[in-house]
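I opened this notebook to keep a record of what I looked up in the structure, entry by entry. Which places in the chain should I read first, and what surrounds them?

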Amino acid sequence: MQDAVIFNPHIADGPDAHQEQGNGVETSPLEALDAKARREFNKLQKRLRRQVGNAIVDYGMIREGDRVMVCLSGGKDSYTLLEILRNLQRNAPVSFSLVAVNLDQKQPGFPEHVLPEYLESIGVEYYILERDTYSVVKEKTPEGKTTCALCSRLRRGSLYGFAEEIGATKVALGHHREDILETLFLNMFYGGSLKAMPPKLLSDDGKNIVIRPLAYCREADIAEFARLMDFPIIPCNLCGSQPNMQRQVVKEMLSEWERKHPGRIETMFKAVTNVAPSQLADRELFDFEGLESKQVRMRERRIDALELSHNR
């Protein structure tokens, strides 16, 4: 492929290779931990594994023989996703393979060497897909407007199409619990719709199944795990530095709620998984027009049950 750089390790690293190698840095935050802090890290890692494992099982995300394409941006979330999936892969009841794919959007100053060096150090098959979406986004986005929506569409289109090319059966994204809730409120506040990010999604064209294995994970846990693992984080200079982004406003709102009312985020996420269509107002989702007919049927069944009881 002319626009993709591929690395496919001929000899896979052993199960503990990453723990021994780290990311090529001689001294890491993990090595500096004392015994107590090490135990806390182990608890954190086990919690993330458990939550990812539960999400995979609950939503049937990964099946026998799946080739899972992990979209790796260079941020804390996608690094954590790849690492936890690698951990689970060793003891999973089904056999699946992983391939990491980074979309090089040709942002000025993007450190092209970081991800290849990291992925080769841990022995993961990967592709670097080169698409100049940066120029398109800058050209098409009016001055003062945020670039996220267009950038996201172009990125998804490139990655989804590439997943087909390499035979990936699942596309794994690094969205976590807070991402899902932020999207819920963004759609309510600015889009007039009640929808978020589902943990598992069939793309509109039916060609790709997208999974979000970090759906149950807290962003704070992911951030701490990424810090201790000393992942080589690559900041997004295209969207991360934009002022007054609607998502950032919602993020701050949710953080403030959580500070004032601990546990609220968890409760809100539970609500996303516990929907009562009859208690909302979507006429396509629930048959409000047919309630009278349902009432008649229920009354008839009640009368039949009473007559049967009386005859006995």
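**Entry 1, Ala196.** I began with the accessibility of Ala196 in this predicted model, and I found a relative accessible area of 25%, so the residue falls between the 20% and 50% cut-offs and is partly exposed. I placed Ala196 in the loop that runs between helix H7 (177-191) and strand E6 (200-202). Setting aside residues up to four places away in sequence, I listed Ile180, Thr183, Leu184 and Asn187 as the residues that Ala196 touches. I also noted a pair that is distant along the chain, since Ala196 and Val272 are 76 residues apart there, while their C-alpha atoms are separated by 8.3 Å.

**Entry 2, Ser78.** Is Ser78 buried or exposed? I read a relative accessibility of 4%, which is under the 20% cut-off, and therefore Ser78 counts as buried. Ser78 belongs to helix H3, and, leaving aside neighbours within four places in sequence, I found Ser78 in contact with Val70, Cys71, Leu72 and Ser73. I then looked up Ile222, which is 144 residues from Ser78 in sequence and 9.7 Å from Ser78 in space, taken C-alpha to C-alpha.

**Entry 3, helices H2 and H3.** I stayed with H3 and turned to how helices pack on it. For helix H2 (residues 35-59) and helix H3 (residues 76-91) I noted an angle of about 80° and axes 10 Å apart. An angle from 65 to 115 degrees counts as roughly perpendicular, so H2 and H3 are described in that way. On the H2 side I listed Gln45, Leu48, Arg49, Val52, Gly53 and Ile56, and on the H3 side Thr80, Ile84, Leu85, Asn87 and Leu88, as the residues that make the contact. Sorted by class, the contact of H2 with H3 has 6 nonpolar, 4 polar and 1 charged residues.

**Entry 4, helices H3 and H4.** How do H3 and H4 lie with respect to each other? I found that H3 and helix H4 (residues 114-122) pack at an angle of about 10°, with their axes 13 Å apart. Because that angle is under 35 degrees, I entered H3 as roughly parallel to H4. The contact is made by Tyr79, Leu82, Glu83 and Arg86 of H3, together with Val114, Leu115, Tyr118, Leu119 and Ile122 of H4. By class I recorded 7 nonpolar, no polar and 2 charged residues for the contact of H3 with H4.

**Entry 5, Asp230.** I looked up the backbone of Asp230 and found phi near 60°, a positive value in a residue other than glycine. Asp230 sits in the loop between helix H8 (219-229) and helix H9 (246-260), and its relative accessible area of 24% makes it partly exposed.

**Entry 6, the whole chain.** I closed with totals for the protein chain, in which I counted 11 helices and 7 strands. Of the 312 residues, 39% are buried, and the accessible surface comes to about 18,400 Å², with 50% of it belonging to carbon and sulfur atoms. Among contacts with a separation of 6 or more, 79% come from residues 24 or more positions apart. The average pLDDT is 86, and 82% of the residues score at least 70. I flagged residues 10-23, where the pLDDT is below 50, and noted that this stretch has 21 contacts in the model beyond near neighbours in sequence.

How values were computed
Residues are numbered from 1 along each chain as its sequence is written. This is a predicted model: local features need pLDDT of at least 70, side-chain atom pairs count only at pLDDT 80 or more; totals for chains, interfaces and linings use all residues. Side-chain values use heavy atoms; hydrogens and water are left out. Helices (H or I, at least four residues) and strands (E, at least two) are DSSP runs, numbered from the N terminus. Buried means under 20% relative accessible area, exposed over 50%, partly exposed in between (1.4 Å probe, protein chains only). Contact means heavy atoms within 4.5 Å. Accessible areas come from the Shrake-Rupley method with a 1.4 Å probe; for residues, only the protein chains shown count as cover. Axes are lines fitted to C-alpha atoms, for helices over the stretch in contact, and angles run from 0 to 180 degrees between N-to-C directions. Angles under 35 degrees count as roughly parallel, over 145 as roughly antiparallel, 65 to 115 as roughly perpendicular and the rest as oblique. Ala, Val, Leu, Ile, Met, Phe, Trp, Tyr, Cys and Pro count as nonpolar, Asp, Glu, Lys and Arg as charged, and the others, Gly among them, as polar. pLDDT is the predictor's confidence in each residue, from 0 to 100.
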